[in-house]
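Please open the model in your viewer, with the sequence panel beside it, and follow the stops below in the order in which they come. Each stop names a selection and then describes what is found there.

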Amino acid sequence: YVAFYAGSLLQKIDTRADTVTGYTDLSGAANGGLGQWGILQLSPADTAIMVSGFQARGSLVAINTSTMQINSKMTADINTVGQTDLIYPHGIANNATFDTFFVALEYGNVVDRITFGDGFRDTYMSIDGNSPVAALNASTHDPHQIQMTPDNSRYFVSCENSNELRVMDAHADT
């Protein structure tokens, strides 16, 4: 799978045959049609892929990997009518059932927990114990990438500004 940062396509490529086997246009699922698509998170069963759009009002879009169709029930901008709280989303991690996502917001001290299972919910979680801030600020950690442990009990957040790796409890968010 390849997302085009400066474009709107997500392509599925068969690397054995060196051919594009499918694609989807992400612009219809993103606020203003913009994306700056870059981070991809494949579901545990390889049936879906989540992609983040790195914008001030960012995007989170789910795609069915067999049909390459957008899953509107698991797309943040469609669920929030373009009013998402995803401020420059970057790294993505997920739970085992691929209905809850932990999204590192690039500027500030926030990981946004997004749940699609029983309707759309998102919650800002501070990675440093201070009040959640999702804005450019020289004194914040600036979460960049995120990775879930195999047992889904913890997630690791790399911090661009502080050069730290934060280890967070995935259930208590501490």
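**A sheet late in the chain**

Select arginine 154 to begin, and opposite this residue you will find aspartate 169, which belongs to strand β13. As you look at this pair, keep in mind that the model is a predicted one. Next, extend the selection to the whole of strand β12, residues 154-159, which pairs with β13 in the antiparallel sense over six bridges. Now add β11, and the selection becomes an open sheet of three strands, in the order β11-β12-β13 and with antiparallel pairing. The edges of this sheet are taken by β11 (143-148) and β13 (164-169), each of which pairs on one side only. If you turn the view to follow the sheet across its strands, the twist from one strand to the next averages 25°.

While β13 is still selected, show the side chains of arginine 166 and glutamate 164, which meet in a salt bridge with an N to O distance of 3.2 Å. Arginine 166 counts as partly exposed, with a relative accessibility of 22%, and glutamate 164 is likewise partly exposed, at 33%.

**Confidence along the chain**

Before moving on, colour the chain by pLDDT, which averages 89, with 93% of the residues scoring at least 70. The strand just visited, β12, has the highest confidence in the chain, at 97, whereas the lowest is in helix α1 (residues 76-80), where the mean is 64.

**The other salt bridges**

How many salt bridges does the structure hold? There are three of them, and a further one is reached by selecting aspartate 173 together with arginine 113, whose closest N and O atoms are 2.6 Å apart. Because aspartate 173 lies in the segment after β13 and arginine 113 in strand β9, this pair ties together parts that are 60 residues apart in sequence. Are these two residues buried or exposed? Both aspartate 173 and arginine 113 are buried.

For another salt bridge, go to arginine 16 and aspartate 14, where the closest N and O atoms are 3.3 Å apart. Here arginine 16 counts as exposed, since its relative accessibility is 77%.

**The sheet at the start of the chain**

Aspartate 14 falls within strand β2 (residues 9-14), so select that strand next, together with β1, to which it is joined by two bridges in an antiparallel arrangement. Within this pairing, alanine 3 has leucine 10 of β2 as its bridge partner. Adding β3 gives an open sheet of three strands in the order β1-β2-β3, again with antiparallel pairing. The edge positions belong to β1 (2-3) and β3 (19-25), and because each has a single partner strand, one side of each is left without a neighbour in the sheet.

**A hairpin with an enclosed strand**

Move along to β5 and β6, which form a hairpin with five residues between them. Strand β5, residues 48-53, runs antiparallel to β6 and is joined to it by six bridges; to see how the two strands face each other, select methionine 50, which stands opposite alanine 62 in β6. Strand β6 itself (residues 59-64) has five of its six residues buried, so this strand is largely enclosed by the rest of the structure.

**Two buried residues in contact**

Now select leucine 105, which is found in strand β8 (residues 100-105) and counts as buried, at 0% relative accessibility. When residues up to four places away in sequence are not counted, leucine 105 touches several others, among them Asp85, Leu86, Ile87, Tyr88 and Pro89, as well as Val110 and Tyr124. A distance drawn from leucine 105 to aspartate 122, which is 17 residues away along the chain, gives 13 Å between the C-alpha atoms.

From there, step to valine 110, which lies in strand β9 (residues 110-115). Valine 110 also counts as buried, with a relative accessibility of 0%. Leaving aside neighbours within four places in sequence, the residues in contact with valine 110 include Leu105, Val103 and Ala104, and also Tyr124, Met125, Pro132 and Pro143. As a last selection, draw the distance from valine 110 to histidine 141: these residues are 31 apart in sequence, and their C-alpha atoms are 8.8 Å apart in space.

Notes: Residues are numbered from 1 along each chain as its sequence is written. This is a predicted model: local features need pLDDT of at least 70, side-chain atom pairs count only at pLDDT 80 or more; totals for chains, interfaces and linings use all residues. Side-chain values use heavy atoms; hydrogens and water are left out. Two strands pair if DSSP finds at least two bridges between them. Helices (H or I, at least four residues) and strands (E, at least two) are DSSP runs, numbered from the N terminus. Axes are lines fitted to C-alpha atoms, for helices over the stretch in contact, and angles run from 0 to 180 degrees between N-to-C directions. Buried means under 20% relative accessible area, exposed over 50%, partly exposed in between (1.4 Å probe, protein chains only). Contact means heavy atoms within 4.5 Å. pLDDT is the predictor's confidence in each residue, from 0 to 100. A salt bridge is a side-chain nitrogen of Lys or Arg within 4 Å of a carboxyl oxygen of Asp or Glu.
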